[in-house]
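Colleague: Could you walk me through the terms you use for this one? I'd like to hear the reasoning behind each label.

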Amino acid sequence: MMFGSKESKLKDGTPVTLRPMVKEDEESLYRFFLSLSDELLMFIRHNVRDRKVVREWSQNLDYERVLPLVALVDGEIVADATLHRVPHGWKRHIGRIRVVVSPRYQNQGMATLMLNELVELGHELGLEKLWAEIPLDSVGAIRACRNAGFACKAVIEELVKNAQNQNLDILIMVCDIASYFDRRWSQKT
Ligand SMILES: CC(C)(COP(=O)(O)OP(=O)(O)OC[C@H]1O[C@@H](n2cnc3c(N)ncnc32)[C@H](O)[C@@H]1OP(=O)(O)O)[C@@H](O)C(=O)NCCC(=O)NCCS
């Protein structure tokens, strides 16, 4: 779906549109971030409750560096997944991903849909691997990544901090894009 838009449905039948973020999404993205709890915002490296941060992102979109994929229900952003790339060096074939889904739309296959799109986009962009860092206790995130072809690779104990200042274990999951696509192709034959 390279830079296109895709219509899909959640498990309960809710129609959802997935597409890369554009600068006109600023307001909707800001509202989405404001609706998230402190706990959910821990996954985002910037203070997205600051309007200026979201404006700066929207005005300076650079898909080569960060490709944000948004999910819309009734024209409002309800989930955001990003694919981060570095242009040079030994990680140039790796995309790092993160995904946040509004609590109202969780457990309906949204993260799975978005991760499947990111794997497809990663493939189209010529990436070889996608990398995800997931709290070890986040069953939904681990299952969504598994659904999209990621496998568990390592656990780093007590690596990150949650909103309550407690250290959490992080699970590294990697999707080997090339072999994942090969496998799907061979299953069809
Ligand atoms: C993790 C997160 C992205 C999952 O989003 P989601 O849209 O609920 O995910 P999905 O519905 O695709 O869930 C995948 C599977 O896990 C199940 N699942 C989801 N949440 C679950 C939970 N809390 N407990 C048990 N199972 C859960 C789903 O039913 C689904 O099952 P299936 O494989 O049988 O279809 C969402 O909970 C979130 O935004 N969490 C905070 C951010 C985060 O943890 N990000 C991960 C770091 S990248």
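Modeller: Sure, here are the helix pairs, the ligand shell and the overall build, and keep in mind that this is a predicted model.

Colleague: Let's begin with the overall build. What helices and strands does the chain have?

Modeller: There are six helices and eight strands. Reading from the N terminus, the order is β-β-α-α-α-β-β-β-α-β-α-β-β-α.

Colleague: How do you know that the chain agrees with a compact globule?

Modeller: You set its radius of gyration against the rule for its length. A compact globule of 189 residues would come out near 16 Å, and the chain has 16 Å, so the two agree. As for extent, the C-alpha trace spans about 45 × 40 × 40 Å along its principal axes.

Colleague: Now the helices. Why is α4 called oblique to α5?

Modeller: Their axes, for residues 110-124 in α4 and 139-147 in α5, come within 8 Å and cross at roughly 40 degrees. Roughly parallel needs an angle under 35 degrees, and roughly perpendicular runs from 65 to 115, so this pair fits neither and counts as oblique. The crossing of α4 past α5 is right-handed.

Colleague: Which residues make that contact of α4 with α5?

Modeller: On the α4 side you have A111, T112 and L115, and they meet G140, A141, A144, C145 and N147 of α5. By class that is five nonpolar, three polar and no charged residues.

Colleague: And why are α1 and α3 oblique to each other?

Modeller: The axes of α1 (residues 26-34) and α3 (residues 51-59) come within 10 Å and cross at roughly 140 degrees. Roughly antiparallel needs an angle over 145, so the pair is oblique. α1 also passes α3 in a right-handed crossing. E26, L29, Y30 and F33 of α1 make the contact with R51, V54, R55 and S58 of α3. Sorted by class, there are four nonpolar, one polar and three charged residues in it.

Colleague: Over to the ligand. What makes up the shell around the ligand, by class?

Modeller: Twelve nonpolar, eight polar and two charged residues. Out of the 22 residues around the ligand, the nearest are Q106, A111, T112, G140 and R143.

Colleague: Which element gives the largest share of that shell?

Modeller: That's α5, with six residues. At least two residues each come from β5 (94-101), α4, β6 (129-135) and α5. You've met A111, T112 and G140 already: they also sit in the contact of α4 with α5.

Key
Residues numbered from 1 in each chain as written. Predicted model: local features only at pLDDT ≥ 70, side-chain atom pairs only at ≥ 80, totals over all residues. Axes fitted to C-alpha atoms, helices over the stretch in contact; angles between N-to-C directions. Helix = DSSP H or I, 4+ residues; strand = E, 2+ residues; numbered from the N terminus. Left-handed = near helix turned anticlockwise from the far one by under 90°. Contact = placed C-beta atoms within 7 Å. Nonpolar A, V, L, I, M, F, W, Y, C, P; charged D, E, K, R; others polar. Near = placed C-beta within 6 Å. Rg over C-alpha atoms; globule rule 2.2 N^0.38 Å.
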